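Student: Hi! Could you walk me through this protein?
Tutor: Happy to, let's bring it up.

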Amino acid sequence: MIITRDAIQLNPTFPFLIMEQTLYEKDNREDSFHWHSYCEITYIRKGCGYYFVNGEKYTVQEKDLIIFNNVEPHGWWVREERMEVVVMIFSAEFISMPLTTFDHDYLRPFIARGSNFRNKIGSDDEFAGQIASIVQDISLEWKSAGVGYRLMIKSQVLRILTLLIRHYQRCETEKQEEMLLCDKDKSMKRIETALYYINSHFTEKISLEEAAAAACMSPTYFSAYFKSVTHYGFSEYVTRLRLKKVKELEQNTDLSIFQIAMDCGFSNMSNFYRLNKKYGDSAVRAQTE
């Protein structure tokens, strides 16, 4: 699984965006996940498929909702020819600039996760229909951009967040929620730094200790936390990046397999063949056997 950061930039004066998208089966990629620095609510308008997040696989269909916070790597898979979705994203600052304690409560569904939390809100849930209707109203406001549309959109988003709070009602204390927010936010920011370092240096000799240092974590803690986020050990993640690069260069250059393997960070051909057989896909492996 390759994890990248979404490149979408929100308007700093109104950090909100809603868009209608069509996801196609031909674009399915099991190994491609992304994360972003904003909150997301996705409404499945038509079709069906899967969303993957935090090691969970959610089957989704028409009128279901999926929510993600700003530290959750996730991906999707269309089951039929295509799936139409409405994606709404916004930053924490959209709720209030700066956040007050009261406004912070609106973000509970994206921050404090109880043991009963699920990213999916099924169409049969008592709040799903209300939220879906509001999402579609917001989409119309966004398209028309009439007088006061920003105020209208914000009020409707706050209504959605209130419904989500009711949906995810639980009994954790405010102090526990704040501690959870602080720990997750700090850890994911550190992991972001490490991922950037790894993605920039994977063709070089790179060690767990170096990546942990980039994240300002001990190697032991970094190793465990990295695997909890990516679902791969550090070495396997680096190897998969290298093999993906090998396949890309095989398809787009005339370099020998020896030169490609060396350029992608493999120390010798024996090591390359062994790891490619273990982790590489069938297309690449067929060329090396």
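Tutor: We'll go from the overall make-up to helix pairs and then to two loop residues.

Student: Before that, what kind of model is this?
Tutor: This is a predicted model, where local features need pLDDT of at least 70, side-chain atom pairs count only at pLDDT 80 or more, and totals for chains, interfaces and linings use all residues. Residues are numbered from 1 along each chain as its sequence is written, and side-chain values use heavy atoms, with hydrogens and water left out.

Student: Cool. How many helices and strands does the protein have?
Tutor: The protein has 11 helices and 10 strands. These are DSSP runs numbered from the N terminus, with helices being H or I of at least four residues and strands E of at least two.

Student: And how much of it is buried?
Tutor: Of the 289 residues, 45% are buried. Buried means under 20% relative accessible area, exposed means over 50%, and partly exposed is in between (1.4 Å probe, protein chains only).

Student: Now helices! How do α3 and α4 cross?
Tutor: Helix α3 (residues 128–144) and helix α4 (residues 149–167) have axes that come within 10 Å and cross at roughly 165°. That makes α3 roughly antiparallel to α4. Angles under 35 degrees count as roughly parallel, over 145 as roughly antiparallel, 65 to 115 as roughly perpendicular and the rest as oblique. Axes are lines fitted to C-alpha atoms, for helices over the stretch in contact, and angles run from 0 to 180 degrees between N-to-C directions.

Student: Which residues meet there?
Tutor: Among them, Ile131, Ile134 and Trp142 in α3, and Met152, Ile160 and Leu164 in α4. Contact means heavy atoms within 4.5 Å.

Student: What about α8 and α10?
Tutor: The axes of α8 (residues 234–252) and α10 (residues 269–279) come within 10 Å too, and cross at roughly 100°. The two helices α8 and α10 are therefore roughly perpendicular to each other. Residues that meet include Arg240 and Leu243 in α8, and Phe272 and Tyr279 in α10.

Student: Switching topic: what's up with phi of Lys63?
Tutor: Phi of Lys63 is near 80°, a positive value in a residue other than glycine. Lys63 lies in the loop between β6 (56–61) and β7 (65–68), and is partly exposed, with a relative accessible area of 47%.

Student: And where is Cys216?
Tutor: Cys216 is in the loop between α6 (208–214) and α7 (219–230). Its phi is positive, about 55°, although Cys216 is not a glycine.

Student: Is Cys216 buried or exposed?
Tutor: Cys216 counts as exposed, at 59% relative accessibility.
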